Amino acid sequence: MIEREGDSLYRLTPLLANRLSRDLIRVDLLTWLRKALYGFVREPIEFETSQHEYIRIESRIQASLLGETEHIPKGVLEFVSASHWFQAGVRLYHARRRGPAYRVLRKAYQARDEFRAESRVELTRYFCLSAIRNHKYDEADACIKLLDGVYNNKGIAAFLKADLLHHQGAFRDAIEQYEISLDLNKGKNSRIERTYRPLIQCIILSPRPDFRLAEIYAKKWLELRHTVFSLMALPRVYLNWKYRADPRNSAPSDIDARLEAARATLENDPGVGSAAFELRAEEAELTGDYTSAIEYMDRAIGVDPRFELRAERWRFLARSRIPDLVMKAISELDAARVNQDYQSNWLAFLPGLAETYGIALLILGSSFNALNTFAPQLSTAEIASIITKVRKRRL
C-alpha cells in the first residue's frame with residue numbers, strides 16, 4: 001500500500017491516496033491539503049543531491065495536477081507530457097472545474113495520436129463531455145462522429161450524443177438516444193449503469209414525463225446494482241409521479257404505497273448517508289413547503305457537508321418567497337463568496353449560485369446589477385443569460 005522510493009522517501013499508492021481523500025479525510029483537512037500542494041508548487045523541497053532530480057520534477061508536476069490547477073511551474077513545464085495533461089484534465093473535470101478542465105483536456109486531445117487506441121478513446125470521451133459542459137457543441141459533435149466511425153465505439157458515441165441532447169434541453173430526443181445507448185452497450189454493465197441515471201432524469205424533466213417508463217428503468221437499475229443513486233431513483237420517480245402526474249396519465253391508486261416501500265428500502269440501507277434527508281427535502285419542495293425543505297437539507301448537510309447540498313439549500317431559501325428566508329439566501333451567499341473553505345468549489349457551482357442569487361433579487365424587487373458584484377468571474381453574456389432564465393422561471 002505504501003511504496004518506498006529510498007531510505008527516507010515514501011509514496012502512497014493511488015488506491016490508498018484516493019481512498020483517504022474520498023472517505024477518511026474531513027473537509028477542513030482536504031482544504032489544508034490543497035493549500036499545502038499549492039505551497040509545494042511555489043516553493044518545492046530542494047534535495048541536497050541530484051539523486052532525486054526526476055522525483056523532484058515529477059512531484060512538482062503531480063502537485064500541480066492534484067491541486068486542481070492548469071498552471072504548471074515554468075521550471076518543469078517542458079517535462080509535462082500529453083499524459084500529464086490528460087490526468088490533469090480528468091481530475092479537473094471530476095472536480096467540476098469546467099473551464100480549466102476543457103482547456104487542459106483540449107491540450108491532450110490535440111496530441112491524441114501519442115496515445116494507444118484504448119487511451120485515445122477514453123481521452124476523446126472525456127474531451128467530448130467537457131466540451132458539452134462548456135457549450136462547445138461543434139467540438140463535441142466532432143468527437144461523437146469520430147467515435148461513431150469505429151464499430152466498437154458506437155455505444156460510447158450513442159451515450160455522448162444523448163448527453164449532448166440532454167444538455168441542450170432536447171429531452172425527448174435524448175431519451176431515445178439513451179435507449180439506443182442501452183441497446184448498443186448490452187452486456188457492459190458499467191456503461192449501462194452510467195446510462196440509467198441521466199435517462200431517468202431526462203424522463204422526469206421532459207414536458208410530459210412517462211413515469212411508467214421511468215419506473216421500469218429505475219427497477220432495472222436496482223436489479224443491476226444497489227448504490228445510493230440507484231436506491232434514490234425509484235422513490236424520486238414515485239415522488240414526481242405523485243405530485244406532477246398529467247391528468248391524462250394519472251398516478252396509480254397505490255402510488256403512496258409504492259413511494260413508502262421504495263423510501264423504506266432507501267432509508268434502511270446502511271450506506272444511505274444524507275440521501276434520505278435529500279429525498280424528504282425534494283418532497284417538501286414539490287408540496288411548496290420550503291421551510292421543511294430547508295430543515296431537511298440542514299439535516300442532510302449535518303451528515304454530508306458536500307458543497308452541492310449547501311447550494312441546494314440556498315436555492316430553497318431563495319425560492320421560498322418568505323422575505324426573511326430570501327434575504328438570508330442573499331446574506332449567506334455573499335458570505336460564502338469570500339469564505340476560503342468554499343473556494344475550491346466556487347467556480348464550478350457559480351452559474352447555478354448566480355441563478356439562485358438572481359431569483360432572490362427578483363423576489364425582493366432588487367436590481368440585477370448586484371449580480372455583477374456577486375459573480376464578477378462570469379461574462380456579461382453569461383449574466384444576461386442567467387437574468388433571462390430567472391425572469392422566465394418566475395413568470
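Leaving aside its neighbours within four places in sequence, which residues is serine 181 in contact with? I would like to open with that question, and before answering it I should say that what we are looking at is a predicted model. The answer is Gly155, Ala158, Phe159 and Thr195, again setting aside the neighbours within four places in sequence. Serine 181 sits in helix α10, and with a relative accessible area of 0% it is buried.

Let me step back to the chain as a whole for a moment. The protein chain has 21 helices and 2 strands, and buried residues make up 45% of its 395 residues. If we take the contacts between residues at least 6 apart in sequence, 50% of them join residues at least 24 apart.

Now back to helix α10, where a second residue deserves a word alongside serine 181. Glutamine 177 is also found in helix α10, and at 18% relative accessibility it counts as buried, the cut-off being under 20%. Apart from neighbours within four places in sequence, glutamine 177 is in contact with Ala158, Lys161, Ala162 and Leu165.

That brings me to how helix α10 packs. Helix α10, which covers residues 171-184, packs against helix α11, residues 189-205, at an angle of about 160 degrees, and the two axes are 9 Å apart. Since angles over 145 degrees count as roughly antiparallel, that makes α10 roughly antiparallel to α11. Their crossing is left-handed. On the α10 side the contact involves Phe171, Ala174, Ile175, Tyr178, Ser181 and Leu182, and these meet Ile192, Thr195, Tyr196, Pro198, Leu199, Cys202, Ile203 and Leu205 in α11. Sorted by class, this contact of α10 with α11 has 12 nonpolar residues, 2 polar ones and no charged ones.

A second helix pair can be described in the same terms. Helix α13, residues 228-244, and helix α14, residues 255-267, pack at an angle of about 160 degrees with their axes 9 Å apart. The helices α13 and α14 are therefore roughly antiparallel to each other, and their crossing is left-handed. From α13 the contact takes in Val228, Leu231, Met232, Leu234, Pro235, Tyr238, Leu239, Trp241 and Lys242, while α14 brings Ile255, Asp256, Arg258, Leu259, Ala262, Arg263, Thr265 and Leu266. By class, the contact of α13 with α14 has 12 nonpolar, 1 polar and 4 charged residues.

Some of these names return when we turn to the aromatic rings. The structure holds 15 aromatic pairs. One of them is formed by tyrosine 196 and tyrosine 217, a tilted pair with 6.1 Å centre to centre and 40 degrees between the planes. Tyrosine 196 lies in helix α11 and tyrosine 217 in helix α12, residues 211-224, so this pair ties together parts that are 21 residues apart in sequence. Both of these tyrosines, 196 and 217, are buried.

Phenylalanine 211 and tryptophan 241 form another aromatic pair, this one stacked, at 6.2 Å centre to centre and with 25 degrees between the planes. Here phenylalanine 211 belongs to helix α12 and tryptophan 241 to helix α13, so the pair ties together parts that are 30 residues apart in sequence. Phenylalanine 211 is buried, with a relative accessible area of 1%, and tryptophan 241, at 1% relative accessibility, counts as buried too. Further along the chain, Phe307, Trp314, Tyr342, Trp346, Phe349, Tyr357 and Phe374 form one aromatic cluster.

I will finish with the loops, and with two residues whose backbone angles you may wish to inspect. Histidine 135 has a phi near 60 degrees, a positive value in a residue other than glycine. Its place is in the loop between α7 and α8, and at 57% relative accessibility histidine 135 counts as exposed. Arginine 321, likewise not a glycine, has a positive phi of about 70 degrees. Arginine 321 lies in the loop between α17 and α18, and at 55% relative accessibility it counts as exposed.

One last loop residue, then: is alanine 111 buried or exposed? Alanine 111, found in the loop between α6 and α7, is buried, with a relative accessible area of 18%. From alanine 111 to tryptophan 85 the distance is 9.9 Å, C-alpha to C-alpha, and the two are 26 residues apart in sequence.

Methods
Residues numbered from 1 in each chain as written. Predicted model: local features only at pLDDT ≥ 70, side-chain atom pairs only at ≥ 80, totals over all residues. Heavy atoms only, no water. Axes fitted to C-alpha atoms, helices over the stretch in contact; angles between N-to-C directions. Helix = DSSP H or I, 4+ residues; strand = E, 2+ residues; numbered from the N terminus. Parallel < 35°, antiparallel > 145°, perpendicular 65-115°, else oblique. Left-handed = near helix turned anticlockwise from the far one by under 90°. Contact = heavy atoms within 4.5 Å. Nonpolar A, V, L, I, M, F, W, Y, C, P; charged D, E, K, R; others polar. Phe/Tyr/Trp six-rings, centres within 6.5 Å; stacked < 30°, edge-to-face > 60°. Buried < 20%, exposed > 50% of the residue type's maximum accessible area, 1.4 Å probe, protein only.
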